[in-house]
Amino acid sequence: MAGEPQDDCLFCKIVAGQIPATIVRETDTTVAFRDINPQAPTHVLVIPKAHHQDAATLAAAAPDVAADVLRETQAVAGQEQLESYRIVFNTGSGAGQTVWHAHAHVLGGRGLEWPPG
């Protein structure tokens with residue numbers, strides 16, 4: 001069920017403290033932690049604490065929490081002293097989503113060319 005922790009979800013386990021992560025920020029509704037496979041000098045994931053499959057599902061079911069995630073991306077960028085950065089939400093396997101829990105990537109600290117990938 002949307003919003004409920006999933007036993008097989010890596011990010012739900014991070015939220016629950018069952019799997020360690022390098023937490024950089026935490027609010028009542030979000031957790032931000034360093035990506036274990038960084039694609040830039042700064043690569044932080046911002047996730048809702050509640051489980052939602054992807055960004056589209058999160059936006060439809062809990063727009064206030066989706067806004068919290070987006071707001072936290074800016075807070076992470078400020079904390080990391082990034083003058084410019086990219087926010088990426090991958091939705092679906094064809095877009096590169098590999099963990100089925102909504103999350104935003106905050107990438108910065110190097111030039112980020114367009115188009116990506």
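Which residue in strand 3 does F33 stand opposite? Select F33 and look across to strand 3: the residue there is L45. Keep in mind while looking that this is a predicted model.

**Stop 1: strands 2 and 3**

Select strand 2, residues 30–34, and strand 3, residues 42–48. The two strands run antiparallel and are joined by five bridges. The F33–L45 position from the opening is a good place to centre the view.

**Stop 2: the ring pair**

Keep F33 selected and add F11. These two residues form an aromatic pair with edge-to-face geometry. The ring centres are 5.4 Å apart, and the angle between the planes is 75°. A search of the whole structure finds one aromatic pair. F11 belongs to helix 1 and F33 to strand 2, so the pair ties together parts that lie 22 residues apart in sequence.

Now turn on the surface. Are the two partners buried or exposed? Buried counts as under 20% relative accessible area. F11 has 4% relative accessibility, so F11 is buried. F33 has a relative accessible area of 3%, so F33 is buried too.

**Stop 3: both faces of strand 3**

Hide the surface and select strand 3 by itself. Seven of its seven residues are buried. Colour the two sides separately: T42, V44, V46 and P48 are on one side, and H43, L45 and I47 are on the other. Both faces of the strand are covered.

**Stop 4: across to strand 5**

Add strand 5, residues 104–108. Strand 5 runs antiparallel to strand 3, and five bridges join the two. To find the register, select H43 in strand 3 and look across to strand 5, where L107 stands opposite.

**Stop 5: the largest pocket**

Leave H43 selected and add D35, N37, Q39 and H105. Of the 33 residues that line the largest pocket, these five are the closest to its centre. The volume of this pocket is about 730 Å³.

Which helix or strand gives the most to the lining? Select helix 1, residues 10–15: this helix gives the most, with three residues. Strands 2, 3, 4 and 5 each supply at least two residues, as does helix 1. Strand 4, not visited so far, covers residues 85–88.

Finally, colour the lining by residue class. The lining divides as follows:

- 17 nonpolar residues
- eleven polar residues
- five charged residues

D35 and H43, for reference, are among the residues closest to the centre of this pocket.

Note on methods:
Residues are numbered from 1 along each chain as its sequence is written. This is a predicted model: local features need pLDDT of at least 70, side-chain atom pairs count only at pLDDT 80 or more; totals for chains, interfaces and linings use all residues. Side-chain values use heavy atoms; hydrogens and water are left out. On a 1 Å grid over the protein atoms alone, a cavity is a set of points where a 1.4 Å probe fits but cannot get out, and a pocket is an open set with protein on both sides within 12 Å along at least five of seven lines; lining residues have an atom within 4 Å of a point. Grid points are joined across faces, edges and corners, and a volume is the space filled by probe spheres set on the points. Helices (H or I, at least four residues) and strands (E, at least two) are DSSP runs, numbered from the N terminus. Ala, Val, Leu, Ile, Met, Phe, Trp, Tyr, Cys and Pro count as nonpolar, Asp, Glu, Lys and Arg as charged, and the others, Gly among them, as polar. Rings of Phe, Tyr and Trp (its six-membered ring) pair if their centres lie within 6.5 Å; planes under 30 degrees apart count as stacked, over 60 as edge-to-face and the rest as tilted. Buried means under 20% relative accessible area, exposed over 50%, partly exposed in between (1.4 Å probe, protein chains only). Two strands pair if DSSP finds at least two bridges between them.
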